[in-house]
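This report walks through a metal site and several secondary-structure elements, with attention to the atoms and distances involved. Please keep the sequence and the coordinates at hand while reading.

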Amino acid sequence: MKFSNRWYCVARASEVSTQPMEQVICDRPIVLFRTAETGKLVALENRCPHRQAPLSMGKVIGDDIMCIYHGWIMDATGQCVYIPGQDNVASSVRVGSYPVVVKWGMIWLWIGDADKVDEGLIPKMDWTEDDEQSSVFIRFYVKADYQLMADNLLDLSHSDFLHASSFGSQAGQRAETDHIKAELETWADEDAVNSVRTLRNVILSPMAAAWASTDQPVTRTHRTRWTPPNNINIELIIENDENKVTIHHDHIMTPETGQSCHYFMIWTRDFAVHSGYPSDEDVRREQTSVIGAEDIPIVEAQQRNRIRFNDPADIPGVGDKFLGAVHRRIAELEKEAKQKSAA
Ligand code: FES
Ligand SMILES: [Fe+2]
């Protein structure tokens, strides 16, 4: 885990009920549930203080959770409040708890100091609550370091190769006589790193052409904002004289372990909101197939290869400008965090 004192997205709010569920976040097994009486969202270490059985195998009773093994009961703070056959419970009998909040329909878990909790650090995704736009949520699981999955979004030059037959553009290929170069600008503000990548006069591949209802050349602009730990918002604008459409892609990567991650994606469009193509179902099908069948397999293969070749040094190309800027920002933030904890 790279960052403490940050929010980690752990699930869609609707995924968590009074049926306890386990999520491993930054190598920490966590049980998530809602209490039965007040509906409060709770995140505890997923272990019973008695003999370490997972609480996720237990049951929510009122506003508490009961371990299924010998019936010990913990409250929503992790404090054990009942031991069968025993009159008193020491206050030291407890498991750790984590602050959790719901924002933009997602559950965010705070890893860090309880006195530093700051909801202002959750990335902004206002568009997901706009009635004039439509959002589709998809969750993926990736057998790779969360940084490799984030890096996939930080170097969008892959779109025109890996996604050449789905939603890329015909730009950058060696055989092209008119070699189209992307304009790429990057800058940092606060903890964030931003970029604008513009492709002018490009022909869209079939999927993107259908979204924008045009087969004519377009200007394709990606405005991307990265915030730690690894939240990436991409605003994609496709425009020409015939049409203009905007899509916000929110990609949120949360480490499960050092070599696996949870990947949450929210795809919000400002066209075909109430009818027409694409419907929410079309978006879900297309994005599941593109990310699931194109991006994730190559990122997982990249992870395996890095291990097989003992993590050789990468050689950056021109398309890596933004990725490089984010990696430098991550190194700076890690250094700042270390200095703060040493002070
Ligand atoms: S392990 Fe949970 S009650 Fe015994
Ligand atoms: Fe991709």
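The expected span of a helix is taken as 1.5 Å times one less than its number of residues. The model discussed here is predicted, and that rule can be applied to helix H5 (residues 321-342): at 1.5 Å a residue, its 22 residues should span 32 Å, and its end C-alpha atoms are 32 Å apart, which agrees. The buried residues of H5 are Phe322, Leu323, Gly324, Ala325, Val326, Arg329, Ile330 and Leu333. Among the elements that cover these buried residues of H5 are strand S1 (6-12), H1, S12, strand S13 (192-202) and strand S14 (218-227).

Helix H1 (residues 146-154), one of the elements covering H5, has 9 of its 9 residues buried, so it is largely enclosed by the rest of the structure. Polar and apolar side chains both occur in the list of buried residues of H1, which includes Gln147, Asp151 and Asn152 as well as Leu148, Leu153 and Leu154. At its N-terminal end H1 is capped by aspartate 145, of which a side-chain oxygen lies 2.7 Å from the backbone nitrogen of glutamine 147.

Which residues coordinate the iron ion (ligand 2)? The donors are His158 (NE2), His163 (NE2) and two OD atoms of Asp295, at 2.1 to 2.7 Å. The angles among the 4 donor atoms run from 53 to 148°, and the site is irregular. In sequence the donor residues follow the spacing H-x4-H-x131-D. Histidine 163 lies in the loop between helix H2 (159-162) and strand S12 (183-189), whereas aspartate 295 belongs to helix H4 (residues 280-308), so the pair ties together parts that are 132 residues apart in sequence.

The table sets out the relative accessible area of three buried residues, two from the iron site and one from a strand.

| Residue | Relative accessible area | State |
|---|---|---|
| Histidine 163 | 0% | buried |
| Aspartate 295 | 3% | buried |
| Asparagine 231 | 5% | buried |

Asparagine 231 is placed in strand S15 (residues 231-239). A polar atom of the side chain of asparagine 231 lies 3.4 Å from the backbone oxygen of proline 228. Leaving aside residues up to four places away in sequence, asparagine 231 touches Trp108, Pro123, Arg225, Trp226, His251 and Ile252.

Key
Residues are numbered from 1 along each chain as its sequence is written. Chains are lettered from A and ligands numbered from 1 in the order in which they are written. This is a predicted model: local features need pLDDT of at least 70, side-chain atom pairs count only at pLDDT 80 or more; totals for chains, interfaces and linings use all residues. Side-chain values use heavy atoms; hydrogens and water are left out. Donors are N, O and S atoms within 2.8 Å of the metal (3.2 Å for Na, K and Ca); water is not among the atoms, so sites may look incomplete. Four donors count as tetrahedral if all angles lie between 85 and 135 degrees; four count as square planar and six as octahedral if opposite donors are over 155 degrees apart and all others between 65 and 115; anything else is irregular. Helices (H or I, at least four residues) and strands (E, at least two) are DSSP runs, numbered from the N terminus. Buried means under 20% relative accessible area, exposed over 50%, partly exposed in between (1.4 Å probe, protein chains only). A polar contact is a pair of N or O atoms within 3.5 Å; within protein, one must be able to donate a hydrogen and the other to accept it, and residues adjacent in sequence count only if both atoms are side-chain atoms. Contact means heavy atoms within 4.5 Å.
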